[in-house]
Amino acid sequence: MSGAHPGVPAKTTPRSADWSDVHDLAGRKVRIARSTADVQALIAAERGGQPFLTGRMQDGRQVIFLLPRDRWRITVGRRAESDIALGWDGEVSRAHALLEQVGAQWTLVDDGLSSNGSFVNGQRVVGRQRLRQGDRLCFGNTQLLFRDPGPPESEATRREAASTAMALTPTQHKVLVALCRPLNDASSTLPATNRQIAEEVFLSVDAVKAQLRVLFERFGLAELPQNEKRARLAQAALAAAAVTPHDF
């Protein structure tokens, strides 16, 4: 995974291909489904311990922008030389905004640099705003999710915020953790089966299916083809911090 420079996607997955070649922990090349590669890229970024932004390009490819703790300022804009270059989005200004560390906290700064403004959770930023785990940043038509795997917020605080935002029950959270476990353990390139989930959370297979149907609806995945739903649900749960590495 690339991470030496901010603004370089840590992992992208071509939309035109149904499968991607990646390397497992032993260095062996394996072919995995596109959405599974996205999930594993998110897990790898979480394990790296650095804050990052994640979202999708206009063509649907996932991008992960690392925010190194040894950098105090990162530029955001449409220009190729921007640290976070959003060149695919014509609504983003050439020099759009700044990300700056104040103490150990990342903040978003927009002092009128951009034509269309910068937004955090739907609210326009005027001046400086501190970023918190799970904040949704919007530059032009591009939305990026802020993730900070480390302190200062406790894991309990992060999970409470994520569970409240997604309105998850304890059983739904357990099902999501079980679904993602093989990906986190690198024991499989696919999420857990219904039977594997059932054995872990002590439910019947039919009960697991019922829980998954609710989760597909909750995460807006109900209309996807059946063979894509599970991997996309795992990806969405990780992206929304409904499941984190601390759960495993």
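Here are four short exercises with worked solutions on the structure above.

This is a predicted model, in which local features need pLDDT of at least 70 and side-chain atom pairs count only at pLDDT 80 or more, while totals for chains, interfaces and linings use all residues. Residues are numbered from 1 along each chain as its sequence is written, and side-chain values use heavy atoms, with hydrogens and water left out.

**Exercise 1: the open sheet**

Task: Work out in which order the strands of the open sheet lie, and which strands form its edges.

Solution:
- Start with the order. The open sheet has 5 strands, arranged β6-β5-β7-β8-β11, with mixed pairing. Strands are DSSP runs of E with at least two residues, helices are runs of H or I with at least four, and both are numbered from the N terminus. Two strands pair if DSSP finds at least two bridges between them.
- Next, the edges. β6 (84-85) and β11 (127-130) each pair on one side only.
- Now walk inward. Strand β5 (residues 73-77) pairs with strand β7 (residues 97-102) in the antiparallel sense over 4 bridges, and T75 has L98 of β7 as its bridge partner.
- Then comes β8, which runs antiparallel to β7 and is joined to it by 5 bridges. The two strands form a hairpin with 2 residues between them, and G103 in the turn has a positive phi of about 65°.
- Finally, β8 and β11 run antiparallel, joined by 4 bridges; here V109 has R128 in β11 as its bridge partner.

**Exercise 2: a strand and one of its residues**

Task: Decide whether the residues of β8 are buried or exposed, then describe the surroundings of T107.

Solution:
- Look at the whole strand first. In β8, 6 of its 6 residues are buried, where buried means under 20% relative accessible area, exposed over 50%, and partly exposed in between (1.4 Å probe, protein chains only).
- Sort the side chains by direction. In a regular strand, side chains alternate between the two faces of the sheet. Here Q105, T107 and V109 point one way from β8, and W106, L108 and D110 the other way.
- Zoom in on T107, in strand β8 (residues 105-110). T107 counts as buried because its relative accessibility is 4%.
- List its partners. E100 stands opposite T107. Beyond four places in sequence, T107 touches residues including L98, E100, R128 and L131; contact means heavy atoms within 4.5 Å.
- Add the side-chain link. T107 and R128 share a polar contact of 3.0 Å. Such a contact is a pair of N or O atoms within 3.5 Å; within protein, one must be able to donate a hydrogen and the other to accept it, and residues adjacent in sequence count only if both atoms are side-chain atoms.

**Exercise 3: a helix pair**

Task: Find at what angle α3 and α6 pack, and which residues make the contact.

Solution:
- Take the geometry. Helix α3 (residues 170-185) and helix α6 (residues 226-239) pack at about 100°, their axes 10 Å apart. Axes are lines fitted to C-alpha atoms, for helices over the stretch in contact, and angles run from 0 to 180 degrees between N-to-C directions.
- Classify the angle. α3 is therefore roughly perpendicular to α6: this class covers 65 to 115 degrees, with under 35 roughly parallel, over 145 roughly antiparallel and the rest oblique.
- Name the residues. L176, L179, C180 and L183 of α3 meet R230, L233, A234, A237 and L238 of α6.
- Sort them. The contact has 8 nonpolar residues, no polar and 1 charged. Ala, Val, Leu, Ile, Met, Phe, Trp, Tyr, Cys and Pro count as nonpolar, Asp, Glu, Lys and Arg as charged, and the others, Gly among them, as polar.

**Exercise 4: a buried helix residue**

Task: Place A234 in its surroundings.

Solution:
- A234 sits in helix α6 and counts as buried because its relative accessibility is 0%.
- Leaving aside neighbours within four places in sequence, A234 contacts V39, L179, C180, L183 and P191.
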